[in-house]
Amino acid sequence: MDGPVKPRGCTNLKLRQLNRVVTRHYDAYVAAAGLKNTQYSLLSHVVLLGPIRPSDLAQRLHLDASTLTRNLQPLLIRGLLRQGPGGDARSRLVEATDEGLAKRAQAQRAWKQAQLAFNERLGSKRVAALHALIDDCIERLADEKSARGPAGPVPAAAPPRLARR
């Protein structure tokens with residue numbers, strides 16, 4: 001008779017380790033198009049959703065605004081994306097340029113090869129199960145209550161103390 005399952009170790013560490021391995025896999029393929037996997041993903045989202053306000057894009061990608069701004073910069077500098085005025089004086093819109101559309105098409109072919117190789121290594125059933133588990137976890141953790149401890153918001157960690165000499 002099996003007892004209750006007790007996770008061992010740190011889930012955050014395990015997820016970060018998996019993320020690094022998976023990112024290296026995709027980066028190895030997408031690099032042929034001159035992009036990092038994160039850049040390809042961002043470019044693809046802008047192509048599919050754009051023109052889009054940066055705040056809406058950040059929300060769709062589950063990124064904070066400063067991370068999105070930092071990640072947009074290389075694509076804006078290379079001329080793959082452009083940022084222009086939005087519906088009012090305070091808003092901006094991000095959209096792909098013609099060069100961005102061409103780069104995305106090139107990178108999409110490389111990404112497809114990465115995905116097929118990934119499916120082959122892990123097996124399509126396992127990849128589909130992984131996607132379902134990830135989607136379920138995101139949905140469950142997106143609930144604001146999950147970011148709270150039993151007595152309210154989780155306090156920030158105290159800064160480390162410097163050793164005296």
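**Exercise 1. Start with one residue: work out whether Arg 53 is buried, partly exposed or exposed, then find its salt-bridge partner.**

Solution.
- Step 1: In this predicted model, Arg 53 has a relative accessible area of 39%.
- Step 2: Partly exposed covers the range between under 20% (buried) and over 50% (exposed), so Arg 53 is partly exposed.
- Step 3: Now look for the partner. The side chain of Arg 53 meets that of Asp 56 in a salt bridge, at 3.0 Å from N to O.
- Step 4: Asp 56 is partly exposed too, with a relative accessible area of 28%.

**Exercise 2. Find which parts of the chain are tied together by the pair Arg 82 and Glu 95.**

Solution.
- Step 1: Check the contact. The N to O distance between these side chains is 3.3 Å, and they form a salt bridge.
- Step 2: Place each residue. Arg 82 belongs to strand 1 (residues 81-85) and Glu 95 to strand 2 (residues 92-96), so the pair ties together parts that are 13 residues apart in sequence.
- Step 3: Add the exposure. Arg 82 is partly exposed at 42% relative accessible area, and Glu 95 is partly exposed at 30%.

**Exercise 3. Explain how Asp 136 and Arg 140 are placed along helix 6.**

Solution.
- Step 1: Their side chains meet in a salt bridge of 2.9 Å, N to O.
- Step 2: Both sit in helix 6 (residues 124-141), and because they are four residues apart, about one helical turn separates them.
- Step 3: Asp 136 is partly exposed, at 32%, whereas Arg 140 is exposed, at 59%.

**Exercise 4. State how many salt bridges there are by this rule.**

Solution. The count comes to three salt bridges.

Notes
Residues are numbered from 1 along each chain as its sequence is written. This is a predicted model: local features need pLDDT of at least 70, side-chain atom pairs count only at pLDDT 80 or more; totals for chains, interfaces and linings use all residues. Side-chain values use heavy atoms; hydrogens and water are left out. A salt bridge is a side-chain nitrogen of Lys or Arg within 4 Å of a carboxyl oxygen of Asp or Glu. Buried means under 20% relative accessible area, exposed over 50%, partly exposed in between (1.4 Å probe, protein chains only). Helices (H or I, at least four residues) and strands (E, at least two) are DSSP runs, numbered from the N terminus.
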